[in-house]
Amino acid sequence: MARAVRASSRADTVVLVACVVTSGLFTILPSVARDQVAGVLRRTVVQPVLALQRTAERGRNAIVERETLTRRLDSLTLGTARLTDLELENERLRRMVGLGAAMRTGFVVAEVVHTQSLGDEHTVTLTAGANSGVTPRSIVVAPDGVVGMVTTVDPTSSLAILWTHPDFRVSAQSVGSNVLGIVRPHAGAEGERYLLELTGVAFRDSLNPGTLIVSSGLGGRYPTGIPVGTVIGEIKSSEGWARTYVVRPAVKPQDVTTVMIVQPERLGVGVASLWPKPVDTVRRVVSDSALAADRARRAAAVAKADSLVNARLQVRDTPPTTIIPRRPP
Amino acid sequence: MNWRRGLALTVAFLILVVLHYTIRPLLGWRTPIDFLVIGVLLLSVRIRPGGAAFLGFLTGLVSDSLTPATLGAGALAMSVVGFTASWLRAVIFADNVVLHAFFFFVGKWAFDLIYIIVARGAPPMELLVQGAIWSPLSAALTAAAGVFVMLAYRMGLDPQHA
């Protein structure tokens, strides 16, 4: 019995020594041979556990990256939401730069600070003042047209009224037909508050919707050719001797972020050539209206064709009716 | 050991191997639980020292195949740990949970120390930190998991206790 136990113990020791020696041999093998042995094991018995490990690693990576991806998605969503605003601002600034290059001298670029205080929504603060050469009653323009006029000048800032201010007036004329009038804010209901009206148009003159209105230069404050707006339509007025037209302004006050303050000495040179030529504008309006008319004609034709097809289909689907003779009374 | 017990032990060992290659990478801890050591120790105390050494050798070799640079180190360490566990169990161990926890702790730490010495893959200071700090922490976690596995095995798979 004791001999059997001893023999068994010796066999265990031999197995241990064999395992240790084999393992030791593996550790001192050249790296190429080690790679080959490990490769054989990985391709055979270890392959299932390797696949398991790979799946687990992938799962862990997915868990770890989820938060990062969520954060990135949030940033992208936010960025996309801001992109439209940035594109609009970029477009405005490009046009501002183009206008500045065309004007060359005699202007000051300023940023608009909307104060948004109650009862003072028609006035804005500009970030340029007397130190930059701004003087009272200088006109304020944007690439789209008239914005307003400087009223108060401080050394580093100034106040300007927008065209929505009740005191705002500009002598204007229509492009092409040279119909004259005075543009002022339209005193309408809430929805029409941000519109202008062209008053004092001679009764013999009439304007079509879409006609561009520019400053006429009469009065000496606003030079000729600065876009003011486009005619929407005529409104009834108490003045029997003149017509009044509602005008869609060229500049929306809420969109104004950067403006140019034109200095008085620049007005003598003229600024009419800086904005798109009236002929081009008229042509664009005409082509736009032609396009709209064409689109309407096409839509009407499609609708007509649809109704014809529907009518035919209804006729085909309706079961044949039989006329039942009325019973004699 | 009858065939039912042998089958239960084999199933438990295979489950631990699967856990080693799924739970461990999924958790990604700095001090990972070594389910292979738990499996080898769990089987070693129930088989002869020679068989335990061979089981450790095979398990270590499988583990080493994923890190060819240290091929053989894991096999050697696992052979020694398996053999020693089986021999110690035959000599002194009683059926006590705390002693089993200590057994798993020492087994894992011994495995790590042998592996570090044989592999010699890092600077001495790093090896010292690994052996003196990270390995005991990993051994403690392995011991906790080992006790849990042992109790689960007794309640679920072991025909003697079920």
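Here is a chat between a trainee and a mentor about a predicted model with chains A and B.

Trainee: Let's start with chain B; how many helices and strands are there in it?
Mentor: Read along the sequence, chain B goes α-α-α-α-α-α. Strands come to zero in chain B, and the helices number six.

Trainee: And how many helices and strands does chain A have?
Mentor: Chain A has 329 residues, of which 32% count as buried. Its elements are of both kinds: five helices and twelve strands.

Trainee: What share of the residues in chain B is buried?
Mentor: The accessible surface of chain B is about 7,600 Å², with 74% of that on carbon and sulfur atoms. Among contacts in chain B with a separation of 6 or more, 70% are between residues 24 or more positions apart. Out of 162 residues, the buried share is 49%.

Trainee: Now the contact between the chains: how much area do chain B and chain A bury between them?
Mentor: Interface size is often given as the accessible area lost when the parts come together. Here 29 residues of chain B and 29 residues of chain A take part. Carbon and sulfur atoms account for 74% of the buried area, which comes to about 2,400 Å².

Trainee: Which residues form the salt bridge between chain B and chain A?
Mentor: The count between these two chains is one salt bridge, next to eight residue pairs in polar contact, both residues at pLDDT 80 or more. In that salt bridge N and O are 2.6 Å apart, and the side chains are those of D12(A) and R48(B).

Trainee: Which helices of chain B each supply at least two residues to the side that touches chain A?
Mentor: The residues on that side of chain B divide into 22 nonpolar, six polar and one charged. The helices that each give at least two of them are α1 (3-27), α3 (49-64) and α4 (73-91).

Trainee: Back to the salt bridge: is D12(A) buried or exposed?
Mentor: The structure holds six salt bridges over all chains. D12(A) is in helix α1 (residues 2-28) of chain A while R48(B) is in the loop between α2 (35-44) and α3 of chain B, so this pair joins two chains. R48(B) is partly exposed at 44% relative accessibility. D12(A) has a relative accessible area of 8%, and because the cut-off for buried is under 20%, D12(A) is buried.

Trainee: Which residues does P68(B) touch, leaving out those up to four places away in sequence?
Mentor: P68(B) sits in the loop between α3 and α4 of chain B. Its relative accessible area is 18%, so it counts as buried. The residues it touches are R34(A), D35(A), A38(A) and R42(A).

Trainee: Moving into chain A, which residue's backbone oxygen lies 2.7 Å from a polar atom of the S158(A) side chain?
Mentor: S158(A) lies in strand β5 (residues 158-162) of chain A, and at 1% relative accessibility it is buried. Its contacts beyond four places in sequence include V124(A), V150(A) and I261(A). The backbone oxygen at 2.7 Å belongs to A128(A).

Trainee: What separates R71(A) and E67(A) in helix α3 of chain A?
Mentor: These two form a salt bridge, with the closest N and O atoms 3.5 Å apart. R71(A) is exposed, and so is E67(A). They are four residues apart in helix α3 (residues 47-103), so what separates them is about one helical turn.

Trainee: How many residues apart are E197(A) and R184(A)?
Mentor: Their side chains meet in a salt bridge, 3.0 Å from N to O. The pair links distant parts of the chain, with E197(A) in strand β8 (residues 196-202) and R184(A) in strand β7, and the two are 13 residues apart.

Trainee: Is E197(A) buried or exposed?
Mentor: Its partner R184(A) is partly exposed at 30% relative accessibility. E197(A) has a relative accessible area of 7%, so E197(A) is buried.

Trainee: One on the backbone: what is the phi of R137(A)?
Mentor: Most residues other than glycine have a negative phi. R137(A) is in the loop between β2 (123-126) and β3 (139-142) of chain A, and is partly exposed at 48%. Though not a glycine, R137(A) has a positive phi of about 70°.

Technical notes. Residues numbered from 1 in each chain as written. Chains lettered and ligands numbered in written order. Heavy atoms only, no water. Contact = heavy atoms within 4.5 Å. Buried area = accessible area lost by both parts, 1.4 Å probe. Salt bridge = Lys/Arg side-chain N within 4 Å of Asp/Glu carboxyl O. Polar contact = N/O pair within 3.5 Å; in protein donor to acceptor, adjacent residues only side chain to side chain. Nonpolar A, V, L, I, M, F, W, Y, C, P; charged D, E, K, R; others polar. Buried < 20%, exposed > 50% of the residue type's maximum accessible area, 1.4 Å probe, protein only. Areas by Shrake-Rupley, 256 points an atom, 1.4 Å probe, with all protein chains shown as cover.
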